[in-house]
Each structure stands twice: as structure tokens, then as C-alpha cells.
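Me: Please take a close look at one part of this model and the residues that surround it. I would like a single connected account, with the reliability of the prediction taken into consideration.

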Amino acid sequence: MAAMFRSVPQIFRGHQFASVPLSARMFSKRADEKRPLADKVAVITGSTKGIGFAIAQRLAQNGAHVVISSRKQQNVDRAVATLKEEGLSVTGTVCHVGKAKDRQHLVDTALEHSGGVDFLVCVAGVNPLVGSTLGASEQIWDKILDVNVKSPALLLSQLLPHMEKRGGSCVVLVSSVAAYIPVPKLGVYNTSKAALLGLCKSLAIELAPKGIRVNCLVPGIIKTDFGLGEKTVPNLLPELNKIYGLQRFGEPEDCAGIVSFLCSPDARYITGENIIVAGFSPKL
Ligand SMILES: NC(=O)c1ccc[n+]([C@@H]2O[C@H](COP(=O)([O-])OP(=O)(O)OC[C@H]3O[C@@H](n4cnc5c(N)ncnc54)[C@H](OP(=O)(O)O)[C@@H]3O)[C@@H](O)[C@H]2O)c1
């Protein structure tokens with residue numbers, strides 16, 4: 001008798017399913033596979049050029065609505081227009097991640113789309129100093145730690161109530177191989193990027209009970225204004241790349257697919273990982 005009742009909903013479900021033609025079901029499954037982030041909302045800091053822009057573009061191509069941001073309005077306008085030309089779902093706003101008011105404005109802008117946020121990707125990072133670590137002023141320490149380390153945590157705390165109600169949310173931080181191989185004269189920056197590896201682990205533990213995953217992208221030298229800029233071109237790493245690496249610098253797009261994967265349901269059992277995209281990594 002009990003078995004009979006158990007089978008009723010199964011039959012009913014089967015009937016409902018059968019009412020959709022097989023070809024349509026297969027098409028919609030294939031469409032979902034191609035757009036694994038459909039109906040999701042992604043907030044991405046530092047995303048009007050370079051690595052952040054490539055990530056925004058890929059997440060949008062994979063179905064997400066992306067909210068891009070950076071400090072300068074003209075950069076936001078240009079990036080939004082470029083992605084819209086591709087037919088992608090995008091909005092943008094100015095957000096200097098070190099400013100609480102800007103962060104709140106970014107949160108408000110993101111909520112305008114569908115009242116919640118699924119993914120936070122913290123790309124914005126700075127390095128205003130090339131020189132001695134111990135010679136760095138308190139102001140320099142504050143600026144680098146504020147933007148690179150504190151801002152992802154503070155922005156996440158502002159977004160958390162809107163992420164935890166969604167289910168399947170995730171966060172991606174952006175560190176650097178400079179965390180593993182300290183680049184001479186970039187001591188404060190190296191330290192900030194090493195701190196992000198730890199922040200990733202701590203947040204992963206803290207947010208696991210809420211079902212929110214936290215991972216960290218760790219790029220090598222990527223061809224961007226920042227990566228190849230005079231200030232930050234690390235002399236050490238190109239030499240290592242020649243010996244061990246894939247014999248080229250990375251492109252921003254090399255960092256995009258892994259972030260899309262980490263946001264996707266395929267990564268549902270991956271959290272607390274620091275994942276290197278550098279053509280080679282000395283880390284075991
Ligand atoms: N390129 C590399 O070789 C490399 C390697 C390892 C790690 N990384 C990390 O990757 C991240 C992105 O670097 P990238 O190479 O893509 O740099 P990029 O091409 O210079 O782009 C930086 C982006 O961040 C924005 N930005 C800068 N400061 C910001 C702030 N305080 N608040 C909000 N947005 C800000 C910039 O726009 P606005 O000027 O309009 O603000 C721009 O959109 C950084 O965290 C960096 O440490 C880069």
C-alpha cells in the first residue's frame with residue numbers, strides 16, 4: 001500500500017516531464033550547459049580593464065548579469081558599452097573599494113537587478129610602492145592593506161545578507177604568485193597578497209555552514225597595464241618563466257575560465273582553494 005502511494009508522485013512527475021517534448025528538453029539542457037551561470041548576478045571589483053574585465057566578460061558570456069566597477073566613471077562607461085555591444089547583460093558603477101560609501105553604492109546597484117547577488121569577485125588591487133619594506137610609510141601600508149586585503153572582507157560583509165539567501169553563492173579573491181615568490185622591492189604588496197591566501201582559508205571555513213564557497217585566483221605575470229607596468233614588472237619572475245613556464249606571459253583571458261568554473265555548479269565541492277594560473281608554479 002505504502003509503495004503504491006510512493007509511486008504516485010513519481011508517476012505524476014513522469015507525466016509532467018513527458019508533456020515537454022524530448023527535443024525541447026534536450027535543447028534546454030544543452031543551452032543550460034552552455035550558459036552555466038544563467039540567472040545569476042555577479043559583482044566584480046576592479047573590472048573595467050585587465051583581469052577583472054576579462055572575468056566580467058566571461059561570466060556574462062556564460063549567462064550571468066555582471067555588475068562591473070572601478071574608480072573612474074569614464075572607465076566604467078567604456079567597459080559597460082563594450083560588453084553591451086556584445087549583447088551581454090551588464091550594469092556598472094563607480095566604486096573605489098577603499099571607500100565605504102562607494103562599496104555601499106556598489107551593493108545597491110547590484111541589488112537593483114534582481115534583489116540579490118550570487119557571486120563576488122574581488123579583483124581590485126594596488127601597488128603604489130617600489131622600494132624597501134621597512135622604509136614604507138604608515139600611509140603606504142594603510143593604502144595597500146585597505147585596498148588589497150580589507151576591502152574584499154568589508155565588501156563581502158555588506159553583501160553577505162544578500163548572498164546567503166540565494167543558495168550556491170561563491171566568492172573569488174585575487175592574490176598573486178608574489179605571495180609565494182616574494183618579488184624584491186614589492187614587500188608590502190607581496191605581504192598583502194599572502195594575506196589574501198589566508199583570508200581565503202578563513203572565510204571558506206566561516207561561510208561553509210551558510211553554503212557559500214570562497215576560493216582565490218593566484219595569477220602569475222599577466223599582460224595588463226599593471227602586470228607589465230614599469231613599477232611592478234618583476235625582474236625575477238620572467239627569468240623563472242623562461243626556465244620553467246609556458247614561455248609566455250599570461251593574457252587576462254587566461255584567468256577568466258577558472259573563475260567562471262569556480263562560480264559554476266561544477267565547482268560545488270571546491271572551497272578554500274588558492275588556485276595558481278601562472279604557466280608554472282613552484283608550489284607543491
Ligand atoms: N597583471 C598581473 O601580472 C597580475 C599578477 C598577479 C596579480 N594581479 C592582481 O590582479 C588584479 C588586477 O590587476 P590587472 O593586472 O588586471 O590590473 P589593470 O589592468 O591595471 O586593471 C586594474 C583595474 O582595477 C581598477 N582599480 C584600480 N584601483 C582600484 C580601486 N582602489 N578600487 C576599485 N577599482 C580599482 C582599475 O580601474 P580604475 O583606474 O578606473 O579604478 C582597473 O579596472 C590586482 O589585484 C593585481 O594585484 C595582477
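Reply:
**The helix α3 and its surroundings**

Gly63, which comes after α3, has a positive phi near 110°. The helix itself covers residues 50–61, and the model in which it appears is a predicted one.

The geometry of α3 can be checked against its length. At 1.5 Å a residue, its 12 residues should span 16 Å; the end C-alpha atoms lie 17 Å apart, so the two values agree. Where do the residues of α3 stand with respect to burial? Of the 12, 10 are buried, so the helix is largely enclosed by the rest of the structure. The buried set consists of Ile51, Gly52, Phe53, Ala54, Ile55, Ala56, Gln57, Arg58, Leu59 and Ala60. A residue enters this set when 20 or more other C-beta atoms lie within 10 Å of its own.

α3 also has a part in the surroundings of the ligand. It gives the most to the ligand shell, with 3 residues. That shell holds 30 residues, and the closest are Gly46, Gly50, Gly125, Phe226 and Gly227. Sorted by class, the shell comprises 14 polar, 12 nonpolar and 4 charged residues.

A second helix, α6, offers a further case for the length check. Its 27 residues reach 36 Å from the first C-alpha to the last, close to the 39 Å expected at 1.5 Å a residue. The helix is bent by about 50° at Lys150, and the proline Pro152 follows within four residues. Pro152 is itself buried, as are Ile144, Val147, Asn148, Val149, Ser151, Leu155, Leu156, Leu159 and Met163. These buried residues of α6 pack against five elements, β1 (41–45), α5, β4, β5 (170–174) and α7 (187–207). In an α-helix there are 3.6 residues a turn, so residues three or four places apart point the same way.

Asp146, also in α6 (residues 138–164), does not belong to the buried set: with 16 other C-beta atoms within 10 Å, it is partly exposed. Leaving out residues up to four places away in sequence, Asp146 touches Gly98 and Ser151. Val126 stands 20 residues from Asp146 along the chain, and their C-alpha atoms are separated by 9.7 Å.

Two loop residues bring distant parts of the sequence together with the region of α6. Gly115 sits in the loop between α5 (100–114) and β4 (119–122). It has 11 other C-beta atoms within 10 Å and is therefore exposed. Gly115 and Met163 are 48 residues apart in sequence, while their C-alpha atoms are 9.8 Å apart; Met163 is one of the buried residues of α6. Arg166 is found in the loop that runs between α6 and β5. Its 17 C-beta neighbours inside 10 Å make it partly exposed. Beyond neighbours within four places in sequence, Arg166 is in contact with Gly116 and Asp118, and its C-alpha atom is 7.3 Å from that of Val117, 49 residues away along the chain.

Two other loop residues deserve a note on backbone geometry. Asp39, in the loop between α2 (22–34) and β1, has a positive phi of about 70° although it is not a glycine. Asp39 counts as exposed, because 11 C-beta neighbours lie inside 10 Å. Lys185 is likewise not a glycine and has a positive phi, near 70°. Lys185 belongs to the loop between β5 and α7, and with 17 C-beta neighbours inside 10 Å it counts as partly exposed.

These details belong to a chain of 284 residues, of which 40% are buried. The chain has 9 helices and 7 strands. Among its contacts with a separation of 6 or more, 72% are between residues 24 or more positions apart.

How far the model may be read depends on its confidence. The mean pLDDT of the chain is 88, and 84% of the residues score at least 70. Confidence is highest in β5, at 99, and lowest in helix α1 (residues 2–18), at a mean of 36. Over residues 1–20 the pLDDT is below 50, and beyond near neighbours in sequence this stretch has 1 contact in the model. Where pLDDT is low, the predicted coordinates should not be read in detail.

Technical notes
Residues numbered from 1 in each chain as written. Predicted model: local features only at pLDDT ≥ 70, side-chain atom pairs only at ≥ 80, totals over all residues. Near = placed C-beta within 6 Å. Nonpolar A, V, L, I, M, F, W, Y, C, P; charged D, E, K, R; others polar. Contact = placed C-beta atoms within 7 Å. Expected span 1.5 Å × (residues − 1). Bend = angle between axes of the 7 residues up to and from the residue. pLDDT = per-residue confidence, 0-100.
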